[in-house]
Amino acid sequence: MEFLQFALMFTAAFLIWRRPERERLAFGLVVAAIVLMVGLFTLGTRSSLLPGVNF
């Protein structure tokens, strides 16, 4: 999943660099990567098998 985030960010940077008229698509890709990153962080921190204390 991290590779997907990297690919989205790289594609957005490429679009901004090579095709500035596609800025709207690049912004959408960056927003999608950020939403994916927050979702993965929430999933990773909230769905652990053990609670946050030491057993």
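Methionine 1 is in contact with Leu36 and Leu40, leaving aside its neighbours within four places in sequence. I should say at once that this is a predicted model. Methionine 1 and leucine 36 are 35 residues apart in sequence, yet their C-alpha atoms are 8.6 Å apart in space. Methionine 1 itself belongs to the segment before α1. Its relative accessibility is 53%, and because exposed means over 50%, the residue counts as exposed.

Let me now place these contacts in the fold. The secondary structure of the protein consists of two helices and zero strands. Helix α1 covers residues 2-18, and α2 covers residues 23-46. For α2, a rise of 1.5 Å a residue over its 24 residues leads one to expect a span of 34 Å. The end C-alpha atoms of α2 are 34 Å apart, so the model agrees with that expectation.

I turn to glutamine 5, which is placed in helix α1. Is this residue buried or exposed? Glutamine 5 has a relative accessible area of 13%, and since the cut-off for burial is under 20%, it is buried. Beyond four places in sequence, glutamine 5 touches Ala33, Leu36, Met37 and Leu40. Leu36 and Leu40 are also the residues that methionine 1 contacts.

Seen from the other helix, alanine 33 touches Gln5, Leu8 and Met9, again not counting residues up to four places away in sequence. Alanine 33 is buried in α2, as are Ala26 and Leu29. What covers the buried residues of α2 includes α1.

Which residues form the largest nonpolar core? There are six: Leu8, Ala12, Leu15, Ala26, Leu29 and Ala33. The elements that give two or more residues to this core are α1 and α2.

Finally, the surface. Buried residues make up 13% of the 55 residues in the protein. The accessible surface comes to about 4,900 Å², and carbon and sulfur atoms account for 70% of that area. Phe3, Phe6, Phe10, Phe14 and Trp17 make a nonpolar surface patch of about 680 Å². Of these residues, I single out tryptophan 17, which lies in helix α1. Tryptophan 17 has a relative accessibility of 62%, and it therefore counts as exposed.

To close, I return to helix α1: glutamine 5 there is buried, whereas tryptophan 17 is exposed.

How values were computed:
Residues numbered from 1 in each chain as written. Predicted model: local features only at pLDDT ≥ 70, side-chain atom pairs only at ≥ 80, totals over all residues. Heavy atoms only, no water. Helix = DSSP H or I, 4+ residues; strand = E, 2+ residues; numbered from the N terminus. Buried < 20%, exposed > 50% of the residue type's maximum accessible area, 1.4 Å probe, protein only. Areas by Shrake-Rupley, 256 points an atom, 1.4 Å probe, with all protein chains shown as cover. Patch = residues over 30% accessible without salt bridge, like charges linked within 9 Å, V, L, I, M, F, W, Y side chains within 5 Å. Salt bridge = Lys/Arg side-chain N within 4 Å of Asp/Glu carboxyl O. Core = buried A, V, L, I, M, F, W, Y, C linked by side-chain atoms within 4.5 Å. Contact = heavy atoms within 4.5 Å. Expected span 1.5 Å × (residues − 1).
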